[in-house]
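Work through these exercises with the model open beside you. Try each task before you read its solution.

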Amino acid sequence: MPNLKSSIKRVKLILPALTEATGPYWRPIKYSLFPPLGLATLAAYLDPDVEISLQDEHVEKLDFNDEPELVIIQVYITNAYRAYRIADYYRARGSYVVLGGLHVTSLPNEAAPHADTIFLGPGEHTFPQFLRDLESGTPQRRYESAMRTLEGLPPMRRDLIQRQRYLVPNSIVVSRGCPHHCTFCYKDGFFAGGRSFYTQLVDDALAEIARLPGRHLYFLDDHLLGNPHFARDLFRGMRGMGRVFQGAATVDSILRDDVVEDAAAAGLRSLFVGFETLSASGLKGAGKRQNLGRSYRQVVRRLDSLGIMINGSFVFGLDGDDRDVFSRTVDWAVEVGITTATFHILTPYPGTTLFTAMAARNRIETRNWDLYDTRHVVYRPSCMSPVELKRGYDWSHEEFYRWGNIFEAASAHKSVKHRLKHFCYSAGWKKFERAWDLVIRIKQLSQMRPLLEAVLAPVASSVTDQAPEDLPNKRIELTPLQPAVSSMNLRSKPM
């Protein structure tokens, strides 16, 4: 272990590239969306006089011709092997190396040999203690989070983020975790030992929003509407800021009360919704109880009436899924007018309830973490072969984004303006890869933000023009039907 009792002068924070960002599914625009906010959050605890380098391998080539005294690496499952190689390289050169993140928390014994110190769980309160221990020459091998609060945190070091390299540099996180407990989600393992869902103070969140330039925001929270009281106060505080924003929420929260109307009035224009599956038995098996008994069509109609586009999340390979699941899901998504769809192959991440259950029944086929990207089949499905599951997943992507289906899905909206927005957003996201690649290579991605803001312009003026006190106190009646993968936002968690 390096001796760093003297003050640290040079620190490097690294987000290694996910394996899928360098493979055949590589989409330059997908990996140029959001900066690594978790690392920027940790950087805020470092002394202002320290020389800090923050590098994201998704948007730049890593510089290994440096000599940082402290190296901090964020580890996810499909960048784990890459992260370990980088960690070993810097340790061999005498740097003190810290590893943290979802994968380290899930498999600490695997990560520990590659680091001088590892972090388990969120690092907002363990990282400052580590820095104090490091300064005194007594750093611990392992730090495990127990205290959970976002109060009193220093503003993240956004000055370290190269804004021109990202389409959405104005990404923000105002909460941690999620109030639900899906079997396939990392959340319960990552937040073990303390609260698994908590928010900022509303005033602190509004202050962070106010210091971001431009109009567009993207909330990377796992569940932006998870705490209705916080969400309502946040959105009402945002009224008048002139923002347009995107985020994620669950089926039940959209139907629960009128908070989504406050969100629309504040500028919400696009929402990631975890539908996951149209099968009630699939939902029960995945612990997705918040979707049971909820009408998916009611969700779509409500968001459509507010002019909010939908990015629907769907998971294939749940127990009970057969070969017809792909066409059923795509047909429904096109019919109701889902703007964009994110399809996943069920993936049993280590540290989740799903992984434990599958491992106990010897259903895990490989532990090559590079394949755990929701695009490969790493377990034995119950009602089809791995080849059939993979083939159906690939077909679903191609089928949903056929020109004919983009037109058909866009026509599902009543408003002509919403139809046009749908078409531009869906086609722009999937049909112009070469154009996006060119814009990224000539470093003009920031010039596309006004176009994004234009596509996200309001559709339903009847809601967005009302004052908060005039919004209807409307409760939607819940009707049974069908129903979503809780998407852990990998790049926003500190460690």
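**Exercise 1. Describe how helices α13 and α15 pack: angle, distance and handedness.**

Solution. Two packed helices are described by the angle between their axes and the distance between the axes.
- Step 1. Find the helices: α13 covers residues 325–336 and α15 covers residues 386–400. Helices (H or I, at least four residues) and strands (E, at least two) are DSSP runs, numbered from the N terminus.
- Step 2. Read the geometry. The angle is about 20 degrees, and the axes lie 9 Å apart. Axes are lines fitted to C-alpha atoms, for helices over the stretch in contact, and angles run from 0 to 180 degrees between N-to-C directions.
- Step 3. Classify the angle. The two helices α13 and α15 are therefore roughly parallel (under 35 degrees; over 145 is roughly antiparallel, 65 to 115 roughly perpendicular, the rest oblique).
- Step 4. Give the hand. α13 and α15 cross in the right-handed sense (the near helix is turned clockwise from the far one by less than a right angle; anticlockwise would be left-handed).
- Step 5. List the contacts (heavy atoms within 4.5 Å). From α13, the residues include F326, V330 and V334. Among their counterparts in α15 are L389, Y393, W395 and F400.

The model is predicted: local features need pLDDT of at least 70, side-chain atom pairs count only at pLDDT 80 or more, and totals for chains, interfaces and linings use all residues. Residues are numbered from 1 along each chain as its sequence is written, and side-chain values use heavy atoms, with hydrogens and water left out.

**Exercise 2. Map the open sheet that contains β1.**

Solution. Strands of a sheet pair through backbone hydrogen bonds, either parallel or antiparallel.
- Step 1. Write the order: β2-β1-β3-β4-β5-β6, six strands with parallel pairing. Two strands pair if DSSP finds at least two bridges between them.
- Step 2. Mark the edges. β2 (51–56) and β6 (142–144) each pair on one side only.
- Step 3. Add the twist, which averages 15 degrees from one strand to the next.
- Step 4. Place helix α2 (residues 80–92). This helix packs on the sheet and touches β1, β3 (70–74) and β4 (96–100). The direction of α2 makes about 160 degrees with that of β4.
- Step 5. Place helix α5 (residues 126–136). This one touches β3, β4, β5 (117–120) and β6. Its direction makes about 150 degrees with that of β6.

**Exercise 3. What surrounds strand β5, and which way do its side chains point?**

Solution.
- Step 1. Check the β4 side. Two bridges join β4 to β5 in parallel, and L99 stands opposite I118.
- Step 2. Check the β6 side. Three bridges pair β5 with β6, again in the parallel sense. L120 has E144 as its bridge partner in β6.
- Step 3. Sort the side chains. T117 and F119 point one way, I118 and L120 the other, and all are buried.

**Exercise 4. Is F184 buried or exposed? Is M147 buried or exposed?**

Solution. Buried means under 20% relative accessible area, exposed over 50%, partly exposed in between (1.4 Å probe, protein chains only).
- Step 1. Locate F184 in the loop between β8 (175–177) and α6 (187–190). Its relative accessibility is 4%, so F184 is buried.
- Step 2. Locate M147 in the loop between β6 and β7 (171–172). Its relative accessibility is 52%, so M147 is exposed.
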